[in-house]
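Visitor: I am new to this structure. Please pick one part and take me through it closely, then show me what lies around it.

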Amino acid sequence: MKIKQLLCAAVSAAALLSGCAKSEMSRTIVTDVPERPAGQEDMVGFAAEPIDTVRVGVIGLGMRGAEGAFRLGKVPGAKVVAVCDIDSSRVNRVVARMEADGYGKVDGYSGSADAWKELADRSDIDLVYVVTDWKNHTPMALYAMEHGKHVAVEVPAASTLDEIWALVNTSERTRRHCMMLENCVYDFFEMNTLNMAQQGLFGEVLHTEGSYIHNLDEFWPYYWDNWRLDFNRERRGDVYPTHGVGPACQLLDIHRGDRMETLVSMDTKAVNGPAAWEKMFGERPESFANGDHTMTMIRTANGKTIHIQHDVVNPRPYSRMYQLTGTKGFANKYPVEQYAFEPAQLDSAAMPDHQNLTAHGAITAEQQAALLDKYTHPIIKEVGEVARQVGGHGGMDYIMDYRLIYCLRNGLPLDMDVYDLAEWCCLTPLGELSIENGNAPVEVPDFTRGGWQKLDGYRHAFVK
């Protein structure tokens with residue numbers, strides 16, 4: 001991908017500091033937006049033909065994939081046809097468990113690095129569900145779409161601009177869905193808060209925050225062939241942004257009336273990252289690219305802002321931050337779930353004692369419970385209890401799978417499209433570009449190539 005840098009000088013004669021005129025110079029890095037190939041159309045609002053029973057092939061049966069196969073087996077209208085992993089013992093365990101549970105025959109593929117292609121080649125599979133190491137996400141998704149399959153691919157689906165544009169172009173050309181399996185947009189607090197925002201409780205949402213702060217010290221040894229720590233060693237910037245930025249973008253209607261325009265990233269030096277490598281292998285790495293803490297600031301076309309953080313090596317409590325600031329209210333999930341509102345923003349039916357609120361303090365637990373009684377998201381009302389029983393990060397994984405299959409079965413636009421994938425994943429290469437160029441601002445490409453204003457606000461699709 002060609003990257004060109006534009007040097008933009010701005011001199012303000014009116015900017016006076018201590019009686020002196022001050023000039024400022026800023027550099028913005030501009031990334032090319034390739035022309036849409038002839039004959040292609042965007043996928044904004046795209047809906048494929050309904051599929052009565054969605055036949056699924058799962059690739060990757062490690063920490064996430066095996067449970068994904070079992071979960072999909074419990075989703076109405078989904079049928080797991082085949083599973084694949086390079087490790088045959090994993091395949092055998094999953095197949096045996098599903099057959100023991102009375103699920104029926106599931107075909108297994110393993111034994112070579114290309115065994116997954118046999119699964120994707122099958123004519124009796126509608127959806128390929130990719131749950132492998134990050135470096136294989138894009139090539140597997142591309143191959144599956146080229147072979148007529150819809151694709152659901154784990155996060156992050158891509159980590160370079162070339163990969164992102166390849167996924168966008170292939171999805172547009174093949175007219176196949178390419179959805180990233182971002183589960184955090186389906187967590188209970190996030191969905192209920194999104195419902196409140198869509199109904200105007202927070203006024204105009206101006207600022208959102210998200211993060212992935214999760215010390216992985218105890219998890220590093222479990223990643224096959226050390227792929228995840230090795231990825232951190234090789235790449236600078238936020239290498240895992242989607243858990244934080246996904247919910248933040250839905251609140252701001254990104255590419256449904258607004259879009260990310262500019263980002264700036266910076267990081268700390270690497271200390272605990274290389275220490276984790278030394279703990280694993282007994283020697284200090286020659287280099288370690290990923291800083292211990294990375295932060296990215298984003299500004300949108302409509303003048304909104306987003307703040308995203310990444311930290312997987314320091315001793316901090318788990319946090320995805322998830323915060324919004326609106327003109328009439330506020331929400332925060334970590335470290336404490338809380339809301340604050342201007343008193344006049346809440347009606348007496350939702351909260352009888354709202355007149356006693358103060359805008360600079362959180363509502364009480366009792367008030368919050370009353371609020372949720374009215375504003376629980378319709379999807380949570382529909383499948384929340386089943387999701388808690390089936391599990392998967394408290395149930396949000398099941399809701400994610402349920403919604404994917406529901407939309408495919410009913411011929412509806414998916415909750416997340418290929419442009420969500422592109423926008424949420426681009427923080428990695430663009431943040432790296434910003435950091436490597438002295439924390440310079442970087443323009444975020446319009447991955448929709450002009451389609452970001454076709455829809456008016458983010459909404460989940462339902463059968464009417």
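Guide: Helices here are DSSP runs of H or I with at least four residues, numbered from the N terminus. The model is predicted. Start with helix H12, where Tyr-402 and Tyr-406 both lie. They are 4 residues apart, about one turn of the helix. An α-helix has 3.6 residues a turn, so residues three or four places apart point the same way.

Now look at the two rings. Planes under 30 degrees apart count as stacked. The planes of Tyr-402 and Tyr-406 stand at 25°, with the ring centres 6.1 Å apart, so this pair is stacked. Buried means under 20% relative accessible area. Tyr-402 has 12%, so it is buried. Tyr-406 has 16%, so it is buried too.

Next, the core. H12 covers residues 396-410 and gives the most to the largest nonpolar core, with 10 residues. That core has 141 residues. Val-83 and Tyr-129 have the most contacts inside it.

Follow Tyr-129. Beyond its neighbours within four places in sequence, Tyr-129 touches Met-400, Asp-401 and Leu-404, among others. Other contacts of Tyr-129 include Val-56, Val-58, Arg-71 and Ala-152.

Tyr-129 belongs to strand S6, residues 127-130. There, Leu-127 and Tyr-129 point one way, while Val-128 and Val-130 point the other way. All of them are buried. S6 has a parallel neighbour in strand S3 (residues 54-59), joined by 4 bridges. Opposite Tyr-129 stands Val-58. S6 also pairs with strand S7 (residues 150-153), again parallel and over 4 bridges. Here Val-128 has Val-151 as its bridge partner. Helix H4 (residues 137-146) joins in as well: S6, H4 and S7 make a right-handed β-α-β unit.

Val-151 leads on to His-177, which is in contact with it. His-177 lies in the loop between helix H5 (161-174) and strand S8 (178-180). With 7% relative accessibility, His-177 counts as buried. Its contacts also include Met-145, His-150 and Leu-408. In strand S8, Cys-178 is buried as well, at 3%. What of a disulfide for Cys-178? The closest cysteine sulfur, in Cys-425, is 9.3 Å away, too far for a bond. Cys-249, buried at 2%, is in a similar position: its closest cysteine sulfur, in Cys-426, is 8.6 Å away, too far for a bond. The structure holds 0 disulfides.

Back to aromatic rings. The count comes to 18 aromatic pairs. Trp-220 and Tyr-223 form one that is tilted, at 6.4 Å centre to centre and 50° between the planes. Trp-220 is buried, at 3%. Tyr-223 is buried, at 11%. Both are in one aromatic cluster, which also includes Trp-134, Tyr-212, Trp-227 and Phe-231.

Last, follow Trp-227 and Phe-231 into helix H7, where both are buried. H7 covers residues 227-234, and 6 of its 8 residues are buried, so it is largely enclosed by the rest of the structure. Arg-228, Leu-229, Asp-230 and Asn-232 are buried there as well. The buried residues of H7 pack against strand S9 (205-213), helix H9 (272-281) and strand S12 (305-311).

How values were computed:
Residues are numbered from 1 along each chain as its sequence is written. This is a predicted model: local features need pLDDT of at least 70, side-chain atom pairs count only at pLDDT 80 or more; totals for chains, interfaces and linings use all residues. Side-chain values use heavy atoms; hydrogens and water are left out. A disulfide is a pair of cysteine sulfur atoms within 2.5 Å. Buried means under 20% relative accessible area, exposed over 50%, partly exposed in between (1.4 Å probe, protein chains only). Helices (H or I, at least four residues) and strands (E, at least two) are DSSP runs, numbered from the N terminus. Two strands pair if DSSP finds at least two bridges between them. A crossover is right-handed if, with the strands pointing away from the viewer, the path from the first strand over the helix to the second runs clockwise. A nonpolar core is a set of buried Ala, Val, Leu, Ile, Met, Phe, Trp, Tyr and Cys residues joined through side-chain atoms within 4.5 Å. Contact means heavy atoms within 4.5 Å. Rings of Phe, Tyr and Trp (its six-membered ring) pair if their centres lie within 6.5 Å; planes under 30 degrees apart count as stacked, over 60 as edge-to-face and the rest as tilted.
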